[in-house]
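Okay, thanks for coming, everyone. I'll put the model up and then walk us through a few parts of it.

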Amino acid sequence: MKKDRLLAKWLNDDLSPDELAEFEASPDFEKYQKIKKYTAHLETDDFDENAMLSNILSQKKPAPKVVPLYRKWMFRAAAIFVLALGVTFAMKVFMSETETADFGKKTTFSLPDNSEVVLNSGSEINYKKWNWDNNRHLELKGEAYFRVAKGRRFEVQTSLGKVTVLGTQFNVKTRKNRFDVVCYEGRVKVNYASTEILLTHGQSVSFENGKQVKLTVNSSKPEWMNNQICFYQENIQSLLEEVERQYNIKIELNAKDTISLFTGKLPAKDLNTALQIISTTYHLKAKKVSENKIIFDEK
């Protein structure tokens, strides 16, 4: 501490003669003297606060960046456009696809896995394309023939029951309380209420009001695809409703006998012949009152 105090007083030329003699006798005096010699010429400018403030205020400030209003609207419009594209893409991916066949027409289309479907008149199918290969599921209203590509489980859901396959050809029909399934190739599992049935090639099953009928078929595809309407033990009301679908007409029945069941075929492209077969079978008289309306009266 004494050494530092003497150094400070020496630099300020404030040592007494005795202190100066003591300091000059110290071993570091020569070093201190060289430092003082080389720094003696250095000077520090006086600090001018006013000048510094004036210099700062005189500097040019950058102008604030202004975005024109039309650019803001452009950015906003672009954001809305991108959002709309996203919503449209999501709707296309996740929303259900619908295929229909109007009365008097048939519709043929392919599913995402190239499975082929033929819709009979007055029928509708709903399904989703998204993740189809892992979830091959569709909903059917009416009648359709399926030629299913091999892959994961394929399900057809109806209001009356469900049909499950892997890769095969089959026909499904739902009309009111009647549920028909025919297997033309491979195997088909049918679920109706609490009943489960396995059909193989050439087998069919029908359910109506809880009653089950199992049959053998000899055809390689549904008769309606060859323009024939096939019936098995169906009442006249169901028969006439199917004729209405195939020919896109309206039929009025004025008869008491609506209980007798019909088994057979009707042409789907020859209305006069179809009306003649119905008239003969049920002892009726067909009268065409307009282009699209037929009335059946008792003879």
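**A strand with two faces**

Let's start with strand 16, residues 250-254, where the side chains alternate: Ile 251 and Leu 253 point to one face and are buried, while Lys 250, Glu 252 and Asn 254 point to the other and are not. Buried here is under 20% relative accessible area, exposed is over 50%, and partly exposed is in between, with a 1.4 Å probe and protein chains only. Strands and helices are DSSP runs, numbered from the N terminus: E for strands, at least two residues, and H or I for helices, at least four.

Before I go on, the ground rules: this is a predicted model, so local features need pLDDT of at least 70 and side-chain atom pairs count only at pLDDT 80 or more, while totals for chains, interfaces and linings use all residues. Residues are numbered from 1 along each chain as its sequence is written, and side-chain values use heavy atoms, with hydrogens and water left out.

Back to strand 16. What does it pair with? Strand 19, residues 293-298, running parallel to it, with five bridges between them; for strands to pair, DSSP has to find at least two bridges. Within that pairing, Glu 252 sits opposite Ile 295.

**Strand 10 and its partners**

Now over to strand 10, residues 178-185. Seven of its eight residues are buried, so the strand is mostly covered. On one side we have strand 9, residues 169-175, antiparallel to strand 10 over seven bridges. Those two make a hairpin with two residues between them, and Lys 176 in the turn has a positive phi of about 55°. Arg 175 is opposite Arg 178 there.

Strand 10 also pairs with strand 13, again antiparallel, through six bridges. Cys 183 has Gln 203 as its bridge partner in strand 13.

Strand 13 itself covers residues 203-208, and Ser 206 is part of it. Is Ser 206 buried or exposed? Buried, because its relative accessibility is 9%. Its side chain makes a polar contact of 2.5 Å with the side chain of Asp 180. By polar contact I mean a pair of N or O atoms within 3.5 Å; within protein, one must be able to donate a hydrogen and the other to accept it, and residues adjacent in sequence count only if both atoms are side-chain atoms. Skipping neighbours within four places in sequence, Ser 206 is in contact with Arg 178, Phe 179, Asp 180, Lys 211, Gln 212 and Val 213, where contact means heavy atoms within 4.5 Å.

There's another hairpin to look at. Strand 11 (residues 187-192) and strand 12 (residues 195-200) run antiparallel, joined by six bridges, and Lys 189 stands opposite Leu 198. Two residues separate these strands, and Ala 193 in the turn has a positive phi of about 55°.

**Cores and cysteines**

The largest nonpolar core has 29 residues, and Ile 125, Phe 146, Phe 154 and Phe 170 have the most contacts inside it. A nonpolar core is a set of buried Ala, Val, Leu, Ile, Met, Phe, Trp, Tyr and Cys residues joined through side-chain atoms within 4.5 Å. Another core lies apart from that one, with 21 residues, including Leu 239, Leu 253, Leu 266 and Phe 296.

Phe 170 has a long list of contacts beyond four places in sequence, among them Phe 146, Phe 154, Val 182 and Cys 183. Cys 183 is buried, because its relative accessible area is 0%. Cys 230, at 34%, counts as partly exposed. How many disulfides are there? Zero, taking a disulfide as a pair of cysteine sulfur atoms within 2.5 Å.

**Helix 6**

Last stop is helix 6, residues 236-247. At 1.5 Å a residue, its 12 residues should span 16 Å, and the end C-alpha atoms are 16 Å apart, which agrees; the expected span is 1.5 Å times one less than the number of residues. Ten of the 12 residues are buried, so the helix is largely enclosed by the rest of the structure.

At the N-terminal end, Asn 235 is the cap, with a side-chain oxygen 3.1 Å from the backbone nitrogen of Gln 237. After the helix comes Asn 248, with a positive phi near 55°.

Inside helix 6 we find Glu 242, which counts as buried because its relative accessibility is 3%. Its side chain has a polar contact of 3.0 Å with that of Arg 245. Leaving out residues up to four places away, Glu 242 touches Asn 120, Glu 143, Lys 173, Arg 175, Ile 229 and Phe 231.
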